[in-house]
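Thanks for coming, everyone. I'd like to walk you through one structure today, so please have a look at the sequence and the model as they come up.

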Amino acid sequence: MISSKIRKQFVAIVGEENVFDSESSLLNYSYDATPGFQARPHCVLAPRNVFEVSEIVKICNANRIPIVPRGSGTNLSASTTPSKGGIVLLFKNMNEIIEIDEANLTMTVQPGVITQRIIEAAEAKGLFYPPDPGSVNISQIGGNISTNAGGLHGLKYGVTRDYVIGLQVVLPNGEIIETGGKLAKDVAGYDLTRLFVGAEGTLGVITGAVLKLIPKPEATKTMLVLFEDLETSAKAVSAIIENRIIPATLEFLDQATVRVVEDFAQIGLPTDAGAVLLIEQDGPKEIVERDTERMAEICMETGAMDVQVAQTPEEAYELTSARRTALSALSRMKPTTILEDATVPRSKIAEMVAIINDIAKKYELTVCTFGHAGDGNLHPTCLTDARDKEEMERVDAAFKEIFEEAVRLGGTITGEHGVGEMKLPYLSLKAGEAGVEAMRNIKFALDPNAIMNPGKMFTAKQQR
C-alpha cells in the first residue's frame, strides 16, 4: 500500500490529475501483452517532465517502493507487469519530439513518443529512422529503447540500439544524467548509453533520447516468393546473403501462418505454399532494380515456385502490412496467443523450425512460425487457452525446450522482446551463471535498494 502521506507527496509533484489509484486504473495497468502475467500496482503516476520523475524516484528510493516504467504495454515478456506492486510510471505527458537537427542528422525525443510518429517526422524531412517493431503504430520509443526493439528492417539497418546515440536517465537515487549526444565519436568513459538500452527499466528511468537519423532511401521494391517447403526457402535466404546482397527486409511465414494471415487480411496470399518469403530492397533506384532482379533469379535457382514483384506502392504496402498483422491474425484463433522470439544463426533457420514443429507435435500443441529470416529471429507462436492449466504446463515445457535448442544451435532466448519476468528462468542458458552474476552486480551497484522494475531479468535466487 501507498500511505496517505506518500500519496500527498506524489500529488504535490504531478498534480491530482496525474495520480491514478482507482480500482479500474490499477487493473488497467496490472498487465501488458504477455499472457499469464498480472499483478496490480499500488499507484500509477504520469509525470510531466524529468524533474518530476526525479522527485518521484527519490521518494520511492527512500521508501523502497518499486517503480515500473511503462510505455504502451505492448511488451511480450512481462517486462512491464508490476509483479512487486509499487508505482507504474506513464509517459503520456512526456510525448514530444523536441528537435529534428538536420545538420547533425539527429532527433531528440521524450520517451512517450509513438514510434510511427518518429518515422513519419523523419520522412517529412527526407530522413529515415529504420527501427520498426511490429507494434510500431502504438509502441512508445521509451519502451523500444528499454527492450532494444527490432523490426522488419533489422537485417540491413540494425535494431534500436544502433540509433540511440544519447540518453537522459534518472538513476535509482533520483539523480539525472546525460549520456552520449549528437556525436559521431565519443569514448569518454564507459558506454553508458548502450548499458541502458535493453536494460528493461532495471537500471533507471529513460526520460529522453537522441536518435540517429539517416538519409531516406531513394527507391523501394517489394516481392513475395513462394516455396514448396521451409527448407528450400531457408536455402534461398542463405544464397541471397552469400551473393553479398543485404535486403532491407527478408521475412518468412510458414504455411500455417500464411493461411491465418490471408483469412484475416484477404489480400490474395498463396495459402498452398509451404513457405513464403517477403523481400524488400531499398536504396538508389538502379541498385534496387539490380538487386531485386538478382534476388528473384537466386530464389528461382534455389527452387522457388514463383516470384511476385509488387507493381505499385499500394501492393507493396499490402504485403508488408500483412506480415505485420501476423500476431493479430493468429490471436483470433484461440483465447490465448503466446508469441516468442528465439533467435538462431540464419543458416540454422530451417533446422530450428523443424525442431519447433517436432516439439509442437511432442506436446500436442498448435504452433505457427514466422519471423525475420534475414537475421534468424524466429517467432514461434503457440495458440492455446490460459484457462487450461494442463495444456499451459505443456506450453511451458515446450518453450523451455525451444529455448534450449536455440542456444544449442548458437542462438539466444530472445532476439527483440527482452527477458522480463517470462524468460528470467532461462537467462543463464544464454549468459551462463557467471554472466548473470556480472549483470546482477551492475544492477545492484546502481540500484542497491532494488526498486527499479524488480522481479525482472533475474530470479529471486539471483537477487539480493
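**A walk through strands, spaces and two loops**

Let me start with a single residue: Asn-148 is buried, because its relative accessible area is 13%, and buried here means under 20%. Before I go on, please keep in mind that this is a predicted model.

Where in the chain is Asn-148? Asn-148 belongs to the loop that links helix 5 (141-147) and helix 6 (154-157). Its backbone deserves a look too: Asn-148 is not a glycine, yet its phi is positive, about 50°. As a reminder, most residues other than glycine have a negative phi.

Asn-148 also takes us to a pocket. The second largest pocket has 36 lining residues, and Asn-148 is one of those nearest its centre, along with Thr-147, Arg-161, Val-197 and Gly-198. Two elements give two or more residues to that lining, namely helix 7 (192-196) and helix 15 (427-446). Helix 15 has the largest share, with 6 residues. The volume of this second largest pocket is about 900 Å³. What is the make-up of its lining by class? The lining of the second largest pocket counts 13 nonpolar, 15 polar and 8 charged residues.

Now a second residue with a positive phi. Arg-244, again a residue other than glycine, has a phi near 60°. You will find Arg-244 in the loop between helix 8 (230-242) and strand 13 (249-254). Is Arg-244 buried or exposed? With a relative accessible area of 70%, Arg-244 is exposed, since the cut-off for that word is over 50%. So we have one positive-phi residue that is buried, Asn-148, and one that is exposed, Arg-244.

Let's turn to the strands, beginning with strand 10, which covers residues 205-212. Of its 8 residues, 7 are buried, so strand 10 is largely enclosed by the rest of the structure. Which strands pair with it? One is strand 6 (residues 106-109), which runs antiparallel to strand 10 and is joined to it by 4 bridges. If you want a place to zoom in, look at Met-107, which sits opposite Leu-211 of strand 10. Another is strand 8 (residues 164-170), also antiparallel to strand 10, this time over 6 bridges. There, Val-170 has Val-205 of strand 10 as its bridge partner.

Next comes an open sheet. It has 4 strands in the order 1-2-4-3, and the pairing is mixed. Which strands stand at the edges? They are strand 1 (19-20) and strand 3 (67-69); each has a single partner strand, so one side of each is left without a neighbour in the sheet. Further in, strand 2 (residues 43-45) and strand 4 (residues 87-89) run parallel, with 3 bridges between them. Val-44 and Val-88 of strand 4 are bridge partners. Helix 3 (residues 50-63) lies across strand 2, strand 3 and strand 4, and its direction makes an angle of about 165° with strand 4.

Last topic: enclosed space. How many cavities of 30 Å³ or more are there? The count comes to 2.

The largest cavity has a volume of about 60 Å³. Three elements each supply at least two residues of its lining: helix 9 (255-265), strand 14 (275-283) and helix 11 (313-324). Helix 11 contributes the largest share, 3 residues. By class, the lining of the largest cavity has 9 nonpolar residues, no polar ones and 1 charged residue. Among the lining residues are Leu-224, Leu-253, Val-276, Leu-319 and Arg-323.

The second largest cavity holds about 30 Å³ of space. Helix 13 (349-362) and helix 14 (389-408) each provide at least two residues of its lining, and helix 14 gives the most, with 4 residues. The lining of the second largest cavity includes Ile-359, Leu-365, Cys-382, Phe-399 and Ile-402. In terms of class, that lining is made of 9 nonpolar residues, with no polar and no charged ones.

If you take one picture away, let it be this pair of spaces: a second largest pocket with 8 charged residues in its lining, and a second largest cavity with no charged residues in its lining. Thanks for listening, and I'm happy to go back to any of these views.

Methods
Residues are numbered from 1 along each chain as its sequence is written. This is a predicted model: local features need pLDDT of at least 70, side-chain atom pairs count only at pLDDT 80 or more; totals for chains, interfaces and linings use all residues. Side-chain values use heavy atoms; hydrogens and water are left out. Buried means under 20% relative accessible area, exposed over 50%, partly exposed in between (1.4 Å probe, protein chains only). Two strands pair if DSSP finds at least two bridges between them. Contact means heavy atoms within 4.5 Å. Axes are lines fitted to C-alpha atoms, for helices over the stretch in contact, and angles run from 0 to 180 degrees between N-to-C directions. On a 1 Å grid over the protein atoms alone, a cavity is a set of points where a 1.4 Å probe fits but cannot get out, and a pocket is an open set with protein on both sides within 12 Å along at least five of seven lines; lining residues have an atom within 4 Å of a point. Grid points are joined across faces, edges and corners, and a volume is the space filled by probe spheres set on the points. Ala, Val, Leu, Ile, Met, Phe, Trp, Tyr, Cys and Pro count as nonpolar, Asp, Glu, Lys and Arg as charged, and the others, Gly among them, as polar.
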